[in-house]
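Let's work through some exercises together, one step at a time. Have the sequence and the 3D view ready.

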Amino acid sequence: VGSAVYSTNDPNNYVNKTGTSMACPGVAGTLAQLYHAYKTTNAGVNPNSALVKAAVLNTGDDLGNAGPDFTYGWGRINARRAHNLIDNNNYVRGTISQGASNAHNIVVPAGTSQLRVMVYWSDVEGAASAVPALVNNINMQVVDPLATIFDPWVLNPSSQSSVAIRAVDNLNNMEQVTIDNPAVGSYTVNVDGTLIPQGPQEYFLVYEFIQDEVVLTYPLGGEGFNPGTVDTIRWDSYGASGTFLLEYSTNNGGAWS
């Protein structure tokens, strides 16, 4: 069952979508696994909830229109990629105050088909009637090795069918920049404390390097199968289109079908 990744920080938040009726238990179970995985490599300490949410949002499989949209939010949750982001320490934990600016460097390796960068912060509680509900406003920009500036993706809250464009986001407590086929080299991520009336504000900057690849996710080896039943082969891919050639062996690799 597909699951939509969602947030409810702002009434105009374009990721306020629960997806199917089965999304909530699916997302909850995935988050529980991510917490457990983090604890196993961090002496039993729980991860910061903002880190886990940022990782899940930034690594979702994009659905519908390119980028975020009002129908699918940030897409379908991808536990494998979210876990890899956290396990590879592809994140920065920082704080920022009113008017301050922090610069973070990210080195993009060769073979990257898409760079994804997101800043996320657990915002201070706003007044029930406040419009917008956002209290602390952080803005992010990504600068590539050629000094090209990339703003985050935003939607028009007055149009449910709007397509995401690059612009300054003053509504949401998460901002994402994606760059297709990024050049190899050092990128600068500028995080600005545009409006921080209740600070300093903690934030997490997470990033992912997506390769043009196909990764088998099930079966992984060692599973048992019952004769006469149907099993689904699953894989995770990015960038590839068309068909895949899948082969299986029933004699330890002696022959393939």
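**Exercise 1: the second largest pocket**

Task: sort the lining of the second largest pocket by class.

Solution. The lining divides into eight nonpolar, three polar and two charged residues. Here Ala, Val, Leu, Ile, Met, Phe, Trp, Tyr, Cys and Pro count as nonpolar, Asp, Glu, Lys and Arg as charged, and the others, Gly among them, as polar.

A note on the model: it is predicted, so local features need pLDDT of at least 70 and side-chain atom pairs pLDDT 80 or more, while totals for chains, interfaces and linings use all residues. Residues are numbered from 1 along each chain as its sequence is written, and side-chain values use heavy atoms, with hydrogens and water left out.

**Exercise 2: surroundings of helix 2**

Task: find out why helix 2 is largely enclosed by the rest of the structure.

Solution. Start with the burial count: eight of the ten residues of helix 2 (residues 49–58) are buried, so the helix is largely enclosed. Buried means under 20% relative accessible area, with a 1.4 Å probe and protein chains only. Helices are DSSP runs of H or I with at least four residues, strands runs of E with at least two, numbered from the N terminus.

Next, pick out the buried residues: among them are Ala-50, Leu-51 and Val-52. Then look at the neighbours: these buried residues pack against elements including helix 1 (23–40), helix 3 (79–87) and strand 1 (91–96), where contact means heavy atoms within 4.5 Å.

**Exercise 3: lining of the largest pocket**

Task: which strand gives the most to the lining of the largest pocket?

Solution. Strand 12 does, with five residues. By class, this lining has 16 nonpolar, eleven polar and nine charged residues.

Note on methods: Buried < 20%, exposed > 50% of the residue type's maximum accessible area, 1.4 Å probe, protein only.
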